[in-house]
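Hi everyone, thanks for coming. I'd like to walk you through one structure today, so please have a look at it while I talk.

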Amino acid sequence: MTASDISDKHRFLAQGNVYLPHIMIIEKIIEETPGVKTFHFNFKDEQIRDEFTFESGQFGEYSVFGVGEAPFCISSSPTRGDHLEFTLQRVGKVTNALHRLGVGAEIGFRGPYGNSFPIDLLQGKNLIFVGGGIGLAPLRSLIWNVLDNRDKYGDVQIIYGARSPADLCFRYDLDAWGDDKTVDVITTVDRQESRVQSPVSRVEAGNSRLQSQESRVGAGDSRLQTADSRLLREGFVPQVLEQVAPSAENAMAIVCGPPIMIRFTFPVLGKLGFTPEQMITTLEKRMKCGIGKCGRCNIGDIYVCRDGPVFTYAQIKRFISSEH
Ligand SMILES: Cc1cc2nc3c(=O)[nH]c(=O)nc-3n(C[C@H](O)[C@H](O)[C@H](O)COP(=O)(O)OP(=O)(O)OC[C@H]3O[C@@H](n4cnc5c(N)ncnc54)[C@H](O)[C@@H]3O)c2cc1C
Ligand code: FES
């Protein structure tokens, strides 16, 4: 069956077959880093386009016809509704096939699935977003959601890190949040790679003000100057979080990044006085059905696709050291 056959029959079959994807058109592609792309996409069927809703934190199963499907979070905000976005790192079969697609290509989409960030619980609180690498993708959906309803939240702090300047995703968002006087953005890299192999040209290709300069701010200073005098720190995300030391009072920390970052971030938050109930993350387990039927995504008695992917640390701490 071709993509257009599915599209024509979609509205009738979707009622009875939960595995039947919606047909989506890719409208724009942004190369975030050499291995990470963001796709802007939309429903081919205008009625579904108008009726579709989702919450920050939810995910979809995306398919390349003839290749397979894989889960990715919806990285755009429900407050910005004219299109949807997802951001993916090229790691294997489906992600390589998606990376090869161009604007105008058709893909399949099932969703939205899973729970979402607990907006009601977050309102009125100071929010600390802690992200690493492509882990900013689910966070940015919530960050834009919060900023589009700014008066409902307290202070907003974003601590984001990547391996090197060239690995920073969403530079356009980091710039926009940096320009917002109500947001405190701290960006860090594990190492300033340019001192080793000059990735500066790759960073410049991103046309961002978060270009790091090659010179240090001062001897012994672990922070690096960005082109517009904002500071790009050097150090791992958990270390920078400890230095910044946000207050746990009336606060919630929302964390997403590589498993190793998450594992080291929770103890730092604990040291700063955050309880496990004040720490939220979103998990990425291997999945198949995405809807609680196949049992592929379980951790203990939890199905990540159905009970998550968003959890408090209190809910998952008994699993996290062995599984995540
Ligand atoms: C709820 C959810 C949301 C996700 N959101 C995103 C997102 O926004 N952006 C993004 O880039 N990725 C995201 N992922 C991970 C993404 O689903 C996998 O990278 C993808 O399924 C890999 O498919 P593939 O066919 O390219 O890789 P495969 O060919 O299947 O595998 C390639 C390699 O990747 C590893 N791998 C595959 N899936 C996972 C996984 N889920 N976790 C860890 N390692 C895996 C395999 O073990 C293998 O080593 C998410 C996963 C979940 C469950
Ligand atoms: S992916 Fe099938 S039960 Fe979760």
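I'll start with the nonpolar core, then go through some salt bridges, and finish at the surface.

One thing to keep in mind throughout is that this is a predicted model.

Let's begin on the inside. Nonpolar side chains in soluble globular proteins tend to be buried together. Here, the largest nonpolar core has 33 residues. Which of them touch the most other members? Those are Phe129, Trp177 and Ile254. If you want to trace this core on your screen, the elements giving two or more residues to it are three helices and four strands: H4 (119-122), H5 (136-147) and H6 (171-179) for the helices, then S7 (126-132), S8 (156-162), S9 (183-189) and S13 (251-256) for the strands. Helix H5 provides the largest share, with 8 residues.

Now, stay with H5 for a moment, and let's turn to charges. How many salt bridges does the structure hold? There are 8. One of them pairs Arg140 with Glu85, and their closest N and O atoms are 2.8 Å apart. Arg140 sits in H5 while Glu85 belongs to strand S5 (residues 84-89), so this pair ties together parts that are 55 residues apart in sequence. Are these two buried or exposed? Both Arg140 and Glu85 are buried. They also have company: Asp173 joins Glu85 and Arg140 in a network of salt bridges.

Another pair to find is Glu242 with Lys271, a salt bridge at 2.7 Å from N to O. Glu242 is in helix H9 (residues 237-244) and Lys271 in helix H10 (residues 259-271), and the pair links distant parts of the chain, 29 residues apart. Glu242 is partly exposed, at 34% relative accessibility, and Lys271 is exposed, at 63%.

For a third example, look at Asp307 and Arg306, whose side chains form a salt bridge at 3.2 Å, N to O. Asp307 has a relative accessible area of 30%, which makes it partly exposed. Arg306 is partly exposed too, at 47% relative accessibility.

Last stop, the surface. Which residues gather in a patch of positive charge there? They are Lys93, Arg286, Lys288 and Arg296. Let me zoom in on Lys288: you'll find it in the loop between strand S14 (279-282) and strand S15 (298-299). With a relative accessible area of 59%, Lys288 counts as exposed, because the cut-off for that class is over 50%.

That's my tour, and I'm happy to take questions.

Definitions and conventions
Residues are numbered from 1 along each chain as its sequence is written. Chains are lettered from A and ligands numbered from 1 in the order in which they are written. This is a predicted model: local features need pLDDT of at least 70, side-chain atom pairs count only at pLDDT 80 or more; totals for chains, interfaces and linings use all residues. Side-chain values use heavy atoms; hydrogens and water are left out. Patches are made of residues with over 30% relative accessible area and no salt bridge: like charges are joined within 9 Å, nonpolar side chains (Val, Leu, Ile, Met, Phe, Trp, Tyr) within 5 Å. Accessible areas come from the Shrake-Rupley method with a 1.4 Å probe; for residues, only the protein chains shown count as cover. A salt bridge is a side-chain nitrogen of Lys or Arg within 4 Å of a carboxyl oxygen of Asp or Glu. Lys and Arg count as positive and Asp and Glu as negative; His and the chain ends are not counted. The place of a charge is taken as NZ of Lys, CZ of Arg, CG of Asp or CD of Glu. Buried means under 20% relative accessible area, exposed over 50%, partly exposed in between (1.4 Å probe, protein chains only). A nonpolar core is a set of buried Ala, Val, Leu, Ile, Met, Phe, Trp, Tyr and Cys residues joined through side-chain atoms within 4.5 Å.
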